[in-house]
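Q: Please take one part of this model and go through it closely. I would like to see what surrounds it and how it links to the rest.

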Amino acid sequence: MTPEAEASAGGITAHYTETDGERVLEFSRDGATAAVAQNVDGYAMLKVRPTADGDELERYYGFDMALDHAAELLGVSPHDLPVPEAAADMGM
């Protein structure tokens, strides 16, 4: 079974999924997307991508830094990003 969760706030939707290899938190707003991904073991750096399956743009150790970059891609404040509880422990 693939754990999934979703949260929305201020016109931004966050969709969290887990695959066999990754945990992915994808944000969408007005047609723009940004994603934060980490391996399922949770020890690797977080990858920021333009989409859930897009090319990696940058890697970060901290979840807050990855959220800053994702928010920048969406043109919003990182504090505006809704984070489902299932994704709240991402990062090292």
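A: What follows starts from strand 5 and works outward to its partners, its salt bridge, the core and a helix.

This is a predicted model, in which local features need pLDDT of at least 70, side-chain atom pairs count only at pLDDT 80 or more, and totals for chains, interfaces and linings use all residues. Residues are numbered from 1 along each chain as its sequence is written, and side-chain values use heavy atoms, with hydrogens and water left out.

First, the strand itself. Strand 5 covers residues 46–49. Helices (H or I, at least four residues) and strands (E, at least two) are DSSP runs, numbered from the N terminus. In a regular strand the side chains alternate between the two faces of the sheet. Here Leu-46 and Val-48 lie on one side of strand 5, with Lys-47 and Arg-49 on the other. All four are buried, which leaves both faces covered. Buried means under 20% relative accessible area, exposed over 50%, and partly exposed in between (1.4 Å probe, protein chains only).

Next, its partners. Two strands pair if DSSP finds at least two bridges between them. Strand 4 (residues 32–39) runs antiparallel to strand 5, and three bridges join the two. One residue pair can be named: Val-36 has Val-48 as its bridge partner. Strands 4 and 5 also make a hairpin, with six residues between them. Gly-42 sits in that turn and has a positive phi of about 80 degrees. Strand 6 (residues 58–60) is likewise joined to strand 5 by three bridges and runs antiparallel to it. There, Tyr-60 stands opposite Leu-46.

Now the charged end of the strand. Side chains of opposite charge can pair when their charged atoms come close. Arg-49 forms a salt bridge with Glu-22, at 2.5 Å from N to O. A salt bridge is a side-chain nitrogen of Lys or Arg within 4 Å of a carboxyl oxygen of Asp or Glu. This pair links distant parts of the chain: Arg-49 belongs to strand 5 and Glu-22 to strand 3, 27 residues apart. Both residues are buried. Glu-22 counts as buried because its relative accessibility is 17%. Away from its neighbours up to four places off in sequence, Glu-22 touches Thr-17, Ala-37, Gln-38, Asn-39, Val-40, Lys-47 and Arg-49. Contact means heavy atoms within 4.5 Å.

That salt bridge is one of five in the structure. Another joins Glu-18 to Arg-23, with the closest N and O atoms 3.9 Å apart. Glu-18 is partly exposed, at 24% relative accessibility. Arg-23 is buried, at 9% relative accessible area. These two residues and Asp-89 are linked in a network of salt bridges. A further salt bridge, between Glu-56 and Arg-59, spans 2.7 Å from N to O. Glu-56 is partly exposed at 36% relative accessibility, as is Arg-59, with a relative accessible area of 41%.

On to the core. The largest nonpolar core has 21 residues. Such a core is a set of buried Ala, Val, Leu, Ile, Met, Phe, Trp, Tyr and Cys residues joined through side-chain atoms within 4.5 Å. Val-36, the bridge partner of Val-48, is among the core residues with the most contacts inside it, a list that includes Phe-27 and Leu-74. Strand 5 gives two or more residues to this core, as do strand 2 (12–18), strand 3 (22–29), strand 4 and helix 1 (63–74). Helix 1 gives the most, with six residues.

Finally, that helix. Its twelve residues should span 16 Å at 1.5 Å a residue, and its end C-alpha atoms are 16 Å apart, which agrees. The expected span is 1.5 Å times one less than the number of residues. Buried residues in helix 1 include Phe-63, Leu-67, His-69 and Leu-74. Strand 5 is part of what covers the buried residues of helix 1, along with strands 2, 3, 4 and 6. His-69 gives a direct view of this. At 13% relative accessibility, His-69 counts as buried. Leaving out residues up to four places away in sequence, His-69 touches Val-48, Leu-57, Glu-58 and Tyr-60. After helix 1 comes Gly-75, with a positive phi near 75 degrees.
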